[in-house]
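Work through the exercises below with the sequence and the model open. Each task is followed by a solution in steps.

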Amino acid sequence: MGADVRQLASEAGCHLNSGCGFPAPGLNEFDFKPIFTIGGVDFNKPMLLSIICALLVVGFFWAAFAKPKLLPGKLQLVGEIGYDFVKRSIVLETIGKKGEKYVPMLVSMFFFVWIMNIMSIIPFAQFPVMSKIAFPAGLAAIVWITYMSLTFKKHGFVGGMKNLCWPSGIPGWVMFILVPIEFFSNIFVRPFTLAVRAFANMFAGHLLIVVFSVASWYLLSPSIGALYGSVSFVVAVALTAFELLVQFLQAYIFVMLASSYIAGALEEAH
Amino acid sequence: MNPGFALAAEEKMNPLLPAWPEVIIGLLCFFIVFGLLGKKLLPSIEKVLSERRDAIEGGMERAEAAQAEAQALLEQYRAELAEARHEAARITEHAREQGAALITEMRAEGQRQREAIVAAGHAQIEADKKQATAALRQDVGSLASQLASRIVGESLEDSARQSGVIDRFLDDLESKAASSAGAK
């Protein structure tokens with residue numbers, strides 16, 4: 001299998017001037033050999049990581065919140081700060097008092113997404129689970145279902161469609177163009193962009209780190225290449241730090257947008 | 001780069017197409033997180049957070065009540081103090097007025113007594129004077145008549161005429177004395 005050959009080439013002694021080309025990483029970086037197969041379904045590394053992430057999130061909050069005390073210990077305090085941040089700074093800030101009901105879902109989503117992103121820079125994991133479109137797509141689907149069901153439950157079918165497609169304060173003749181755009185944007189584009197935004201950021205970030213890591217190894221040779229290689233290594237380290245920021249930011253944006261969709265659904269009819 | 005490989009990879013995986021097993025595993029994981037956090041962990045922490053808020057607010061309320069009570073006491077104390085001051089001022093004023101009245105009264109009384117004493121003195125003097133005058137007049141009359149009878153050698157029997165002469169003489173003396181006093 002091509003990917004494996006490449007993987008081996010980058011791991012083994014393939015360096016500059018040693019007669020092999022640069023093993024540029026590509027989509028193969030996101031394709032994993034199945035760890036095992038059950039009934040024709042492959043179980044791969046991203047699935048394993050997502051399970052580990054779920055266990056990490058649950059484990060952390062279990063340790064922090066299972067026996068909560070009035071005077072919090074350190075772990076509980078950290079958990080409270082995280083919980084309070086998502087609850088106040090994202091959910092209640094965006095939706096308002098009515099958002100109280102959706103706090104558990106969005107808090108779970110935030111920490112699950114964040115940990116899956118962080119996996120990008122954890123040794124041995126070193127893969128952002130959200131860079132596989134399946135994971136953000138699943139979560140975006142949950143957001144979309146919530147968004148749609150809330151819209152139609154609150155406003156009924158006609159009112160819901162009006163809420164989705166009929167922006168207020170616009171002169172009548174613009175509606176001719178605007179209504180199809182709003183319809184398309186709110187119902188089809190929103191969930192798609194929600195998923196793709198998270199996916200693409202993690203995908204690109206991971207690819208960048210891999211490119212510079214592979215390059216610093218490839219360039220490591222008894223020549224001027226060693227200098228380039230060290231520069232490449234520094235860039236890889238800097239990108240890792242940058243990714244740490246992006247991972248948080250993408251989790252934040254994902255939950256923030258989910259909140260704003262819910263807020264839109266709960267909005268009073270114009 | 002092997003174009004055949006790249007093509008094969010493109011065909012094999014499109015990064016925008018989700019793989020269903022991954023979607024299912026991902027959703028399962030999310031629902032595990034959501035279930036445990038939403039059903040158990042977040043409600044439990046939320047309960048503690050609201051208990052803590054209550055405790056803090058309760059403490060604040062107690063502090064506020066204590067402060068209000070202290071404030072009320074202070075007000076009461078101030079009111080009492082002001083009343084006491086007012087009372088003291090009133091008493092002082094009253095005493096001063098009373099003292100002044102007493103002094104005036106006593107002064108009036110003194111004046112009155114002085115006047116009474118002076119008047120009594122005057123009356124006494126007048127009475128004494130009158131008495132002395134009368135006595136003197138009698139004595140002078142009798143002395144003059146004795147002297148005259150000695151000189152003349154006979155007693156002046158006619159008392160009515162006698163007294164008339166003496167009185168006229170004395171009146172002359174008095175008027176002389178009065179005119180000399182007025183001239184002085």
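**Confidence and conventions**

Chain A has an average pLDDT of 87, and 94% of its residues score at least 70; pLDDT is the predictor's confidence in each residue, from 0 to 100. This is a predicted model, in which local features need pLDDT of at least 70 and side-chain atom pairs count only at pLDDT 80 or more, while totals for chains, interfaces and linings use all residues. Residues are numbered from 1 along each chain as its sequence is written, and chains are lettered from A and ligands numbered from 1 in the order in which they are written.

**Exercise 1.** Find the elements of chain A with the lowest and the highest mean pLDDT.

Solution. Helices (H or I, at least four residues) and strands (E, at least two) are DSSP runs, numbered from the N terminus. Helix H1 (residues 2-11) of chain A has the lowest mean pLDDT, 46, and H4(A) has the highest, 94. Over residues 1-10 of chain A the pLDDT is below 50, and beyond near neighbours in sequence this stretch has 14 contacts in the model. Two residues are in contact if their C-beta atoms, placed from the backbone, lie within 7 Å.

**Exercise 2.** Compare the expected span of H3 of chain A with the distance between its end C-alpha atoms, then locate its bend.

Solution. The expected span is 1.5 Å times one less than the number of residues. For the 22 residues of helix H3 (residues 74-95) of chain A this gives 32 Å, and the end C-alpha atoms are 30 Å apart, which agrees. H3(A) bends by about 25 degrees at Arg88(A); the bend is the angle between axes fitted to the seven residues ending there and the seven starting there. After H3(A) comes Gly96(A), with a positive phi near 95 degrees.

**Exercise 3.** Phe124(A) and Gln126(A) lie in a loop of chain A: between which helices? Is Phe124(A) buried or exposed?

Solution. Phe124(A) is in the loop between helix H4 (103-118) and helix H5 (134-165) of chain A, and Gln126(A) is placed in the loop between H4 and H5 too. Neither is a glycine, yet phi is positive: about 75 degrees for Phe124(A) and about 45 degrees for Gln126(A). A residue is buried if 20 or more other C-beta atoms lie within 10 Å of its own, exposed if 12 or fewer, and partly exposed in between, with C-beta atoms placed from the backbone. Phe124(A) has 6 such neighbours and therefore counts as exposed; Gln126(A) has 16, so it counts as partly exposed.

**Exercise 4.** Identify the element that gives the largest share of the largest nonpolar core.

Solution. A nonpolar core is a set of buried Ala, Val, Leu, Ile, Met, Phe, Trp, Tyr and Cys residues joined through C-beta atoms within 7 Å. The largest has 63 residues, and Leu106(A) and Val33(B) are among those that touch the most other members. H4(A) supplies the largest share, 12 residues. Leaving aside neighbours within four places in sequence, Leu106(A) is in contact with Val86(A), Ile90(A), Val91(A), Val255(A), Ala258(A) and Ser259(A). Val86(A), Ile90(A) and Val91(A) are also among the buried residues of H3(A).

**Exercise 5.** Describe the side of chain B that touches chain A.

Solution. Chain B has three helices and zero strands. In the interface, 32 residues of chain B are in contact with 38 residues of chain A. H2(B) gives the largest share of the chain B side, 22 residues. By class, that side has 25 nonpolar, four polar and three charged residues; Ala, Val, Leu, Ile, Met, Phe, Trp, Tyr, Cys and Pro count as nonpolar, Asp, Glu, Lys and Arg as charged, and the others, Gly among them, as polar.
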